[in-house]
Amino acid sequence: MLPRCAVGVCHVLMLVLCVSAAEDFDWTKNHHGSFYYGTFPAGFSWGAGGSAYQTEGAWDKDGKGLSIWDVFSHKKGKIQQNDTGDFSCEGYYKVKDDISLMKELRLNHYRFSISWPRLLPTGIKSDHVNEKGIQYYDHLINHLLENKITPIVTLYHWDLPQVLQEKYGGWQNISMVNYFNEFANLCFERFGDRVKYWITFNNPWSVAVEGYETGEHAPGLRLRGTGAYRAAHHIIKAHAKVWHTYDTQWRGKQKGLVGISLSGEWGEPVDISNQKDIEAAERYVQFHLGWFATPIFHGDYPQVMKDFIGRKSVQQGLGTSRLPTFSPQEKSYIKGTCDFLGIGHFTTRYITQKNNPSGRSSSNYFSDRDLAELVDPRWPDPGSEWLYAVPWGFRRLLNFVKTQYGNPMIYVTANGVSEKMLCTELCDEWRIVYYKDYINEMLKAIKDGVNVKGYTAWSLLDKFEWDEGFSERFGLYYVDFRNKNKPRYPKASVQFYKRIISFNGFPNQREVENWRRKAVETCSSSNQLLAADPLTSHMEMVTEIVVPTVCTLSILLSAIFLMFLLRRRN
């Protein structure tokens with residue numbers, strides 16, 4: 001064991017190395033390069049993912065309590081076409097079916113989340129523990145392990161118990177830290193003997209900004225300029241507390257790892273020779289990824305966030321910054337609370353400098369950044385309006401993480417692309433291209449020395465897409481939501497991703513092109529399979545469309561006949 005002073009010296013050296021590493025990222029060099037044929041390191045883990053509210057359904061079954069998304073989605077006008085996740089994929093009842101799909105893909109891991117209100121209906125352990133909820137996740141975890149699929153478990157994927165929102169104001173209230181820790185501790189106690197990879201929060205950026213700043217997501221609050229920062233502050237503290245709980249109470253016997261999954265969209269300077277654009281691009285990444293990663297790895301918020309929000313707060317006439325502060329004790333407690341870093345990445349933006357006004361009415365998270373986001377019209381955008389396919393941004397982001405945070409162990413916890421179309425389409429060639437190019441950029445990043453250990457395709461199934469409802473589809477497997485049985489059908493991307501997994505990379509151009517061709521041939525037969533079952537698959541659609549049409553025709557014919565009789569009388 002090292003002497004105490006030697007440990008201190010090592011700690012200082014580590015800090016110096018981390019700080020100096022942050023300066024190593026070169027914003028002025030962006031070499032896209034050609035496609036790289038090669039393999040991933042031995043033991044690289046391939047997976048797919050989903051989350052509780054998006055896939056489980058059974059929203060009010062077997063003792064589950066209400067979540068903020070149950071309540072939010074039931075409010076008219078909040079979700080596209082007033083969709084809800086009440087039934088979604090009915091994953092609650094299809095554990096064995098879905099794991100058979102994972103086996104078909106030859107997945108090494110499956111990432112899912114545990115519904116807090118399914119285990120603790122009020123969110124509070126002392127009120128009631130729902131054993132039927134425990135049994136469901138026991139069944140899921142055990143069946144995964146029986147099939148040699150590693151569970152990677154997210155503790156919070158946005159479904160806060162509604163009672164905690166109503167009673168305390170949700171993540172605006174510091175009391176969430178202890179309640180979340182109680183929930184996490186219960187999960188460690190009941191599942192930790194089998195689960196070795198834990199993620200505290202999924203994309204806390206979205207929880208904070210879209211839940212408490214813009215109101216686009218549950219709980220739908222619009223606390224401009226303060227709500228997001230306060231929510232994030234409490235989330236970071238909650239993450240740290242859960243990590244320490246595992247570290248002190250469970251790690252010794254369970255030998256697991258605890259990390260966090262952060263959303264990391266890349267920001268590229270419009271002009272890499274313009275210092276203002278470079279600074280704006282770094283600000284974009286620091287306000288997004290760095291907001292959470294920098295406290296966890298270095299103990300405090302990015303300096304640029306403290307400077308910009310502090311200055312704008314003063315200009316507004318406020319006595320203190322709208323960005324909360326950590327005490328010295330809290331900084332020390334939070335720093336280093338990450339065994340691995342989960343990265344969810346989908347897209348990239350070009351960034352340029354833009355000065356925003358600082359008045360009270362105009363203050364918000366977005367204006368605090370003083371930048372403008374731009375896209376190249378040539379970038380493909382097959383689905384979500386925010387999601388453009390820009391593969392080279394993925395490699396840039398991974399290298400940024402390497403230099404900023406001392407090359408941590410990384411698991412890509414979400415990467416994928418949606419489609420937005422009304423008709424059924426299983427031949428998703430654009431998704432094949434997206435996965436091929438993004439996974440290849442990840443392989444290049446590993447060649448650069450980035451410590452990526454696994455990759456999670458997002459997502460296994462089509463599912464409820466938050467405020468977009470079912471209007472967008474991210475799945476490798478198509479789910480027919482119009483059928484009460486929610487059957488799954490493989491898209492072409494299933495076969496292509498399966499080949500990447502089997503080879504652990506990309507062998508050569510001819511072979512990879514052959515994968516694509518065979519995948520498209522397979523999906524053509526799947527399309528025929530889907531079309532061959534119109535009565536069962538589309539009964540509800542026919543009922544919804546045809547019956548009202550018949551009723552409408554009957555009313556019109558009756559009206560015409562009545563008018564004819566009246567004319568005859570006249």
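These are my notebook entries on a predicted model, covering its chain, two buried residues, its cysteines and its empty spaces.

**Ground rules**

I am working on a predicted model, where local features need pLDDT of at least 70, side-chain atom pairs count only at pLDDT 80 or more, and totals for chains, interfaces and linings use all residues. Residues are numbered from 1 along each chain as its sequence is written, and side-chain values use heavy atoms, with hydrogens and water left out.

**Entry: the chain overall**

I looked up the secondary structure first. The protein chain has 21 helices and 15 strands. Both are DSSP runs numbered from the N terminus, helices being H or I of at least four residues and strands E of at least two.

Next I checked burial. Of the 570 residues in the protein chain, 58% are buried. Buried means under 20% relative accessible area, exposed over 50%, and partly exposed in between, with a 1.4 Å probe and protein chains only.

Then the surface. The chain exposes about 24200 Å², and carbon and sulfur atoms supply 55% of that. Accessible areas come from the Shrake-Rupley method with a 1.4 Å probe; for residues, only the protein chains shown count as cover.

I also looked at contacts (heavy atoms within 4.5 Å). Taking those between residues at least 6 apart in sequence, 77% join residues at least 24 apart.

**Entry: Val242**

I found Val242 in helix H10, residues 227–249. Val242 has 0% relative accessibility, so it counts as buried. What does Val242 contact, leaving aside its neighbours within four places in sequence? I list Leu155, Phe180, Asn181, Ala184, Phe188 and Thr200. For Asn181 I also noted the C-alpha separation from Val242: 5.3 Å, with their positions 61 residues apart along the chain.

**Entry: Thr347**

I turned to a loop residue. Thr347 sits between strand S8 (341–344) and strand S9 (348–353). Thr347 is buried, because its relative accessible area is 3%. Beyond its neighbours within four places in sequence, Thr347 contacts Glu265, Trp266, Trp386, Leu387, Tyr388, Val390 and Tyr438. I also checked Phe394, which is 47 residues from Thr347 along the chain. Their C-alpha atoms are 7.8 Å apart.

**Entry: cysteines**

How many disulfides are there? I count one, taking a disulfide as a pair of cysteine sulfur atoms within 2.5 Å. Cys427 and Cys523 form it, with sulfur atoms 2.0 Å apart. The link is right-handed, at 110° about the S-S bond. Cys427 is in the loop between strand S11 (410–415) and helix H17 (429–447), and Cys523 is in helix H19 (residues 509–531), so the pair ties together parts 96 residues apart in sequence.

I then checked burial of the pair. Cys427 is buried at 17% relative accessible area. Cys523 is buried at 1%. I looked up two further cysteines. Cys187 is buried at 0%, and Cys338 is buried at 14%.

**Entry: the largest pocket**

I ran the pocket and cavity search on a 1 Å grid over the protein atoms alone. A cavity is a set of points where a 1.4 Å probe fits but cannot get out; a pocket is an open set with protein on both sides within 12 Å along at least five of seven lines; lining residues have an atom within 4 Å of a point. Grid points are joined across faces, edges and corners, and a volume is the space filled by probe spheres set on the points.

The largest pocket has a volume of about 950 Å³. Its lining has 36 residues, and Asn203, Trp205, Ser206, Glu210 and Trp386 lie nearest its centre. Helix H9 (204–212), strand S6 (257–263) and helix H12 (275–298) are the elements giving two or more residues to this lining. H9 gives the most, with four.

I sorted the lining by class: twelve nonpolar, twelve polar and twelve charged. Ala, Val, Leu, Ile, Met, Phe, Trp, Tyr, Cys and Pro count as nonpolar, Asp, Glu, Lys and Arg as charged, and the others, Gly among them, as polar.

**Entry: cavities**

I found three cavities of 30 Å³ or more in the whole structure. The largest holds about 160 Å³. Of its 18 lining residues, Thr55, Gly91, Tyr110, Tyr136 and Leu140 are closest to the centre. H4 supplies the largest share of that lining, four residues. By class I get eleven nonpolar, four polar and three charged.

The second largest cavity has a volume of about 70 Å³. Its lining includes Tyr53, Trp59, Arg118 and Asp159. Here the classes are three nonpolar, four polar and five charged.
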